Amino acid sequence: MPQNVDFSFIRYANGWEDTELLLNNLKPKAGDKILSIAAAGDNSLAFLAFNPEIVIAFDISEPQLYLTELKQQAIKILDYQDLLAFLGIIKTNHLEKLFQQIKPNLSNACLHYFTEHFYLIQNGLIHQGKFENYFKLFRTYVLPLIHNQARINQLFEPKSEGKQIEFYNNEWNTWRWRCLFKLFFSKYLLGKLGRDPEFFNENKLHVSQTIFKAAEKHLCSSLVFNNHYLDFQLRGNFTVNLPYYLIEDNYVKIKANIDKLILKKGYLTDVKLPYKFELANLSNIFEYMDEKLFTIQVIHLSQIMNENSKLASWNLFVPRKIEQQNPEFYSLKIEGNDLCFFYNSFNLNQFKV
Ligand SMILES: C[S@@+](CC[C@H](N)C(=O)[O-])C[C@H]1O[C@@H](n2cnc3c(N)ncnc32)[C@H](O)[C@@H]1O
């Protein structure tokens, strides 16, 4: 595990792992016991829409758990429009009043954190992670040197895939785009300003080339038009679509099950019985560790996952395949596309003893 990483602030204010891809492949159902990395809470909350028995969301980062708790209690207390306003998606002059409404439901530690860091709420909660700030730097200082707003909007305008490829080749893929993109999304700047240099300890790929190729493939596809992740990155808010947990129908279902989300601080190996899980969302935690530690995680998974359970995980730059550690975790075929196109792979496994 990275030894010198600072986990004392919010790194991710949104989930940057495609919720629909996760749900369409794990296929949660009523009564499931689900294990999930907390991160910003988005994907852990999304599972609640399926009426599970319980969702245990764990994370080594306290601020990420506080953020997840705040979103959980905001969903519980606030009506839909107030929730969107509280999170910074739509404008309001009532943030203090909304926070007052939520406060009695927060744990002491979470209350203390957000009272001390109230500016995070004031400045729009979903814009406040280090990762979101990295995209804000790109949007504010780099992208305007490449394309004007009209051209950025054109990228999202629905058209045939042929026209999108034409647009990319003739309008978008300028030398400025190639040079500035590769500079900004280099291992150095992504490590320093977006993630953490230590998150690349296990990486052997050329970071900027890899992201550039992935971006190029995605921008030439019709997936762009409804991609709310890309919309947020390039235009600074969710304007084409909302994240799954904030779509009104899903919000209603999640609210009905909101107390089934339990938050725990710790590593995967700290997650102990009495529960055995039917589903697990493991984000891309395995690429932060060396092979030896990865082996230990897979052994632990074989002890806490139920027969026929399914597990989802991502690889950004480092290949970590659970089935290569233990063939009892069969690799399954993936359904659908990853709107978070920058990942190298989405992995789906089924545990069959
Ligand atoms: C794995 S990160 C991934 C974020 C994004 N996909 C990226 O690669 O930059 C998501 C969350 O996992 C947490 N995390 C990382 N390693 C972990 C581990 N071994 N056990 C528990 N949580 C972990 C982090 O604190 C963070 O909130």
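This briefing walks through a sheet, two helices that pack on it, and the surroundings of a ligand. The model is predicted. At its heart for our purposes is an open sheet of 7 strands with mixed pairing. Around the ligand there are 19 residues, and two of the closest, A39 and S283, get a section of their own below.

**The sheet**

- Reading across the sheet, the strands come in the order β3-β2-β1-β4-β5-β7-β6.
- Why do β3 and β6 each have one side without a neighbour in the sheet? Both stand at the edges, β3 with residues 261-265 and β6 with residues 329-331, and each has a single partner strand, so one side is left free of a neighbour.
- From one strand to the next, the twist averages 20 degrees.
- Strands β4 (residues 277-281) and β5 (residues 305-315) run parallel and are joined by 4 bridges.
- If you would like a pair to look for, try L279, whose bridge partner in β5 is K310.

**Helices on the sheet**

- Helix α3, residues 62-77, packs on the sheet and touches β2 (54-59) and β3. The direction of α3 makes about 165 degrees with that of β3.
- How far apart are the end C-alpha atoms of α3? They are 22 Å apart, and this agrees with the 22 Å that its 16 residues should span at 1.5 Å a residue.
- Of the 16 residues of α3, 13 are buried, so the helix is largely enclosed by the rest of the structure.
- Helix α16, made of residues 291-304, lies across β4, β5 and β7 (345-351). Relative to β5, α16 runs at about 145 degrees.

**Around the ligand**

- The closest residues to the ligand are A39, S61, Q64, S283 and I285.
- How does the shell around the ligand divide into nonpolar, polar and charged residues? There are 12 nonpolar, 4 polar and 3 charged ones.

**Two residues with a positive phi**

- Most residues other than glycine have a negative phi, which makes the next two worth a look.
- A39 sits in the loop between β1 (33-37) and α2 (42-46). Its phi is positive, about 50 degrees, although A39 is not a glycine.
- Is A39 buried or exposed? A39 counts as buried because it has 26 C-beta neighbours inside 10 Å, and the cut-off for buried is 20 or more.
- S283 lies in the loop between β4 and α16. S283 is also a residue other than glycine with a positive phi, near 50 degrees.
- With 22 C-beta neighbours inside 10 Å, S283 counts as buried too.

How values were computed. Residues are numbered from 1 along each chain as its sequence is written. This is a predicted model: local features need pLDDT of at least 70, side-chain atom pairs count only at pLDDT 80 or more; totals for chains, interfaces and linings use all residues. Two strands pair if DSSP finds at least two bridges between them. Axes are lines fitted to C-alpha atoms, for helices over the stretch in contact, and angles run from 0 to 180 degrees between N-to-C directions. Two residues are in contact if their C-beta atoms, placed from the backbone, lie within 7 Å. A residue is near a molecule or strand if its C-beta atom, placed from the backbone, lies within 6 Å of it. Ala, Val, Leu, Ile, Met, Phe, Trp, Tyr, Cys and Pro count as nonpolar, Asp, Glu, Lys and Arg as charged, and the others, Gly among them, as polar. A residue is buried if 20 or more other C-beta atoms lie within 10 Å of its own, exposed if 12 or fewer, and partly exposed in between; C-beta atoms are placed from the backbone. The expected span of a helix is 1.5 Å times one less than its number of residues.
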